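Student: I have a structure to go through and would like to ask about its strands and its cavities. Please take the questions one at a time.

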Amino acid sequence: MLLVAMCVVLLGCLQAQELPGHVSVILLGATGDLAKKYLWQGLFQLYLDEVGKGHHFSFYGAALTEPKKGQELVAKALESLSCPKDVTASHCAEAKDQFLHLSQYRQLKTAEDYQTLSKGIEARVQQGGLREAGRIFYFSVPPFAYADIARHINSSCRPGPGAWLRVVLEKPFGHDHLSAQQLATELGSFFQEEEMYRVDHYLGKQAVAQILPFRDQNRKALDGLWSRHHVERVEIVLKETVDAEGRTSFYEEYGVIRDTIQNHLTETLTLLAMELPDDVGSSDAVLQHKLQAFGALRGLQPGSAVVGQYQAYSGQVRRELQKPDAFHSLTPTFAGVLVHMDNLRWEGVPFLLMSGKALDERVGYVRVLFKNRAYCVQSERYWASEHSRCLPQQIIFHIGHGELGHPAILVSRNLFRPSLPAQSWKEMPDRPGLRVYGRPLSDFYAYSPVAEQDAYAVLLSHIFHCRKESFITTENLLASWVFWTPLLDSLAREVPRLYPGGAENGDLLDFEVSGGQLSFSQQQLEQLVPGPEPAPWPSDFQVLRTKYRESPLVSAWPEELIAKLANDMEAAAVQAVRDFGAFHLALSGGSSPVALFQQLATGHYGFPWAHTHIWLVDERCVPLSDPESNFQGLQAHLLQHIRVPYYNIHPMPVHLHQRLCAEEDQGAQTYAGEIAALVANSSFDLVLLGMGADGHTASLFPQSPAGLDGEQLVVLTQSPLKPHRRMSLSLPLINRAKKVAVLVMGKAKREITLLVSRVGQEPRKWPISGVLPSSGQLVWYIDYEAFLG
């Protein structure tokens with residue numbers, strides 16, 4: 001099937017290049033803002049570029065508007081068409097008249113309208129004695145209209161045999177993975193993959209479009225630099241000074257990550273991080289290598305992002321969408337995201353993606369910063385900018401705006417002199433006094449385009465010439481949503497940090513990478529109860545530290561709580577390894593610790609796993625491969641992601657001699673013996689517990705004497721829920737630990753949390769109440785939903 005599809009694409013491209021004929025371009029949504037600002041001008045540029053090469057065109061502006069009004073709106077949009085600077089005024093006027101003559105408005109509302117359009121195109125081709133080469137339908141309409149339009153085109157407006165069809169789709173391409181998949185399936189029922197061109201206009205921006213050619217033309221210099229051994233970090237940034245006023249309806253549905261980061265910045269990231277194909281001119285090779293780059297992206301966690309919202313945004317939403325006065329939006333207008341690649345080239349290199357509205361400047365750039373191991377003896381005033389290895393080493397693809405004001409490619413002079421195509425890029429003259437990216441412009445080999453081109457004009461040319469590498473395939477689209485949807489789901493209830501907007505933001509939005517996570521550099525004050533005005537937001541409640549059952553309590557929103565517990569565990573591990581050479585950690589099963597395991601797996605590279613022994617607090621009497629096994633959950637969410645020696649992993653022996661927890665197999669005694677042999681004084685460094693809604697902890701249940709006292713270190717117990725048979729550390733063994741952490745999360749735990757706060761030490765009624773380390777420390781980690789309701 002792939003071979004057939006490639007042949008069809010090749011045939012279409014050959015027809016476009018070798019057999020010029022008549023091309024009809026139908027711009028759907030021709031009276032909208034995008035069409036008026038960019039698309040008509042882009043189509044005019046396409047006409048200027050191609051009409052002298054033997055191609056014949058007709059252009060149709062289409063919309064739902066009735067014909068007379070629509071024709072007036074299209075005529076008004078065409079008044080502003082302009083020519084490049086190198087086109088003479090007389091030639092421009094002549095070309096514009098020709099373009100206007102070839103352009104007309106059509107109302108496309110019903111199946112009959114599409115049939116009439118198709119017959120009109122056929123008649124026009126026949127009258128001119130031409131051959132129809134193909135039709136381009138540009139969907140500059142909301143995605144909810146795609147299906148109906150696609151159905152009409154497929155049934156009534158396809159070109160005849162021998163001519164190609166290309167449909168151009170504008171983002172958003174779905175809201176998450178499921179909606180994107182549904183939209184892709186729907187469109188796939190009308191169009192073949194090679195007929196669809198999903199536009200991300202960032203791929204048409206000159207600096208972004210030059211990333212792959214730059215890497216290709218400078219292979220010799222970059223081969224030794226483009227990897228984790230030399231790159232310190234990569235920044236991909238899109239800052240805007242405008243806010244979302246007038247667009248809050250769109251922004252409330254999509255937010256900043258869906259608006260710019262999931263598409264523009266992620267596409268740019270793949271161009272930087274993908275393996276370079278032998279032939280960067282091969283669309284198929286480029287798209288396959290991009291898909292491989294998506295496959296190497298490490299899954300995002302809640303700690304992978306920081307989000308903010310400019311202060312006036314909620315008020316704008318209330319006004320524009322008629323929301324009540326008490327409404328506060330959770331939509332982020334600013335986000336910073338930390339991305340990692342799980343491959344040999346980029347392992348450990350942070351890719352920082354950042355975008356936001358109402359910021360201090362309008363600018364877009366990609367910045368690759370290289371590690372600098374040099375130490376210069378001379379003071380900085382004696383450094384020679386072309387030779388000193390102590391100067392910052394960076395490559396920058398300046399997308400636009402900012403101090404430079406135009407696209408540019410900058411390479412530190414102490415790296416190498418780059419090679420760029422002379423016909424399209426020229427060296428920039430120095431601008432004394434101008435500093436960019438922390439250095440004078442003279443510190444860089446700096447290049448700008450010979451002629452600036454609009455991104456849409458570039459992409460329309462690529463569509464005409466069948467260059468698919470500049471567009472988003474269905475596979476790449478779905479791979480992107482697979483990557484971003486979990487983070488978006490986890491942020492759905494995150495309250496963004498408020499910022500005033502513009503230069504007043506100061507360093508409020510600065511963030512930093514620590515332990516594989518992002519966090520704002522400027523921390524807000526910890527408090528439980530804010531002032532009376534304004535009304536408290538969830539973000540006003542940060543990490544609360546107080547007492548619970550006379551022991552230390554840490555309380556926060558779930559993501560913050562997990563981050564705090566993970567940090568505390570890492571600190572305890574580092575201290576234990578430093579003091580004793582090993583860290584003995586006993587972990588409970590169930591659903592509550594899953595987020596913690598994921599956090600430890602992906603965000604704590606300083607954790608001394610090589611010197612950590614992992615034990616089980618309790619286990620269900622099922623085979624270790626069973627999905628209900630606590631060990632299986634631990635394996636899936638933690639063990640398979642970290643480098644811990646296999647002999648340091650100690651599952652409970654619940655499955656012996658092909659039997660499950662048989663008394664005569666003495667599994668509990670075996671595990672107790674293993675603990676006594678390896679753990680000094682049978683005292684774990686840290687035991688992680690949970691608390692059930694009935695007050696049980698580990699697999700120690702109310703009204704059951706097993707394991708609540710006595711000499712046994714490990715016991716077999718009975719659970720009221722299936723599977724009934726369990727193995728558990730005993731309460732006396734738990735209370736020998738140097739530190740016990742109890743993690744309690746969710747509204748379902750509110751009642752038991754309140755009850756246990758009031759009772760004494762009654763383990764037979766509430767086993768959790770018996771947890772009190774004899775010489776260690778007990779710390780409660782309870783999220784706000786369990787603690788405050």
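Student: In which sense do strand 19 and strand 20 pair?

Tutor: The model is predicted. Strand 19 covers residues 511-514 and strand 20 covers residues 517-520. Phe 511 has Phe 520 of strand 20 as its bridge partner. Two residues lie between the strands in a hairpin, and Gly 515 in the turn has a positive phi of about 60°. Over four bridges, the pairing is antiparallel.

Student: Which strands stand at the edges of the open sheet with the order 25-31-30?

Tutor: This sheet has three strands with antiparallel pairing. An edge strand here has a single partner strand, so one side of it is left without a neighbour in the sheet. That applies to strand 25 (618-620) and strand 30 (714-718).

Student: Which helix packs on that sheet?

Tutor: Strand 30 and strand 31 pair over five bridges, with Val 714 opposite Leu 729 in strand 31. Both strands are touched by a helix of residues 667-678, whose direction makes about 145° with that of strand 30. This is helix 19.

Student: Which element gives the most to the lining of the largest cavity?

Tutor: The largest cavity holds about 120 Å³ of space. Strand 9 (334-339) and helix 17 (594-603) are the elements that give two or more residues to its lining. The most, three residues, comes from helix 17.

Student: How many residues in the lining of the second largest cavity are charged?

Tutor: Among the lining residues are Lys 171, Arg 258 and Asp 259. The lining divides into six nonpolar and three polar residues, and the charged ones number three.

Notes: Residues numbered from 1 in each chain as written. Predicted model: local features only at pLDDT ≥ 70, side-chain atom pairs only at ≥ 80, totals over all residues. Heavy atoms only, no water. Pairing = 2+ DSSP bridges. Contact = heavy atoms within 4.5 Å. Axes fitted to C-alpha atoms, helices over the stretch in contact; angles between N-to-C directions. 1 Å grid on protein atoms, 1.4 Å probe; cavity = no way out; pocket = protein on both sides within 12 Å on 5 of 7 lines; lining within 4 Å. Points joined across faces, edges and corners; volume = space filled by probe spheres on them. Nonpolar A, V, L, I, M, F, W, Y, C, P; charged D, E, K, R; others polar.
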